Amino acid sequence: MGLYVIMLGPPGAGKGTQAERLAKRLGVPRVSTGDILREAVSAGSDLGRQVQAVMSRGELVGDALMVEVVRERVCRPDAAAGFVLDGFPRTIAQAEALEALLDGRGTPAVVELVVPEDELVRRLSARRVCTGCGVNAWAADTACAACGGRLVQRDDDMAEVVRERLRVFARQTQPMVAFYRDRGGYRPIDGTRTPDEVTAEVTRIVTEHRS
Ligand code: AMP
């Protein structure tokens, strides 16, 4: 049996930060579909060419392609003991495909970070990412605190695209959250607290789930 965690929540809720911390603590990889796709776009691979336009509009990449991307990633040896999913699943079809993929391997802990929409818009418009190491930073920072790298705004964090991503979340991803509410292992938590407070609670939930 492996250790599987699904981080749910809208864009800007803090999934990436929390998934990264948790994965480090558990010694399993964080699987961020957004990061995988952004890397494919910068590398100019076939996958990157297929998803670039959709991503820049803030829409969702097709389910079949996403399921293949995740299947390929979680079948690698470093994910044999488990993984923390960040940004997947985003639709009911993806959740069902994941269920099939995990069949017999263990029940995932599902943690939803709950943050109101006005706070999400505020966070996303102020978010910057490091061109050196990829960590998140804020508009007020002058350089990356981790590596000193240059900070840029993600194309899809521009105001117009942020609004579309939040609409897409409400339309396509919120119903998928309801799918997990009806299953065991689901826990909503208040994502408006400090990152350290959220980490402490996520860790507690996952530890309980494990035992
Ligand atoms: P994220 O970094 O998780 O906000 O993802 C950035 C963008 O990548 C999204 O707005 C989508 O265009 C695409 N993407 C990431 N994960 C998925 C997914 N599970 N299903 C469909 N599209 C995705």
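**Notebook: helix 4 and the ligand site**

I started with helix 4 and looked up its buried residues (under 20% relative accessible area, 1.4 Å probe, protein chains only): they are Met66, Val67, Val69, Val70, Arg73 and Val74. Looking down the axis of helix 4, I see these fall within an arc of 160°, so they line one face of the helix; the arc is taken from the directions from the axis to the C-beta atoms.

A note on what I'm working with: this is a predicted model, where local features need pLDDT of at least 70, side-chain atom pairs need 80 or more, and totals for chains, interfaces and linings use all residues. Residues are numbered from 1 along each chain, and side-chain values use heavy atoms, without hydrogens or water.

Next I checked the length of helix 4 (helices are DSSP runs of H or I, at least four residues). Its 12 residues, 63-74, should span 16 Å at 1.5 Å a residue, and the end C-alpha atoms are 16 Å apart, which agrees. The expected span is 1.5 Å times one less than the number of residues.

What covers that buried face? I found contacts (heavy atoms within 4.5 Å) from elements including strand 2 (30-32), helix 2 (33-43) and helix 5 (92-102).

Then I moved to the ligand. There are 16 residues around it, counting any with a heavy atom within 4 Å. Thr33, Arg38, Glu59, Gly87 and Gln94 come nearest. Helix 2 gives the largest share of the shell, four residues.

For polar contacts (N or O pairs within 3.5 Å), I noted a ligand oxygen 2.6 Å from a polar backbone atom of Glu59. A ligand nitrogen lies 2.9 Å from a backbone N or O atom of Gly87.

Conventions: Helices (H or I, at least four residues) and strands (E, at least two) are DSSP runs, numbered from the N terminus. Buried means under 20% relative accessible area, exposed over 50%, partly exposed in between (1.4 Å probe, protein chains only). A polar contact is a pair of N or O atoms within 3.5 Å; within protein, one must be able to donate a hydrogen and the other to accept it, and residues adjacent in sequence count only if both atoms are side-chain atoms.
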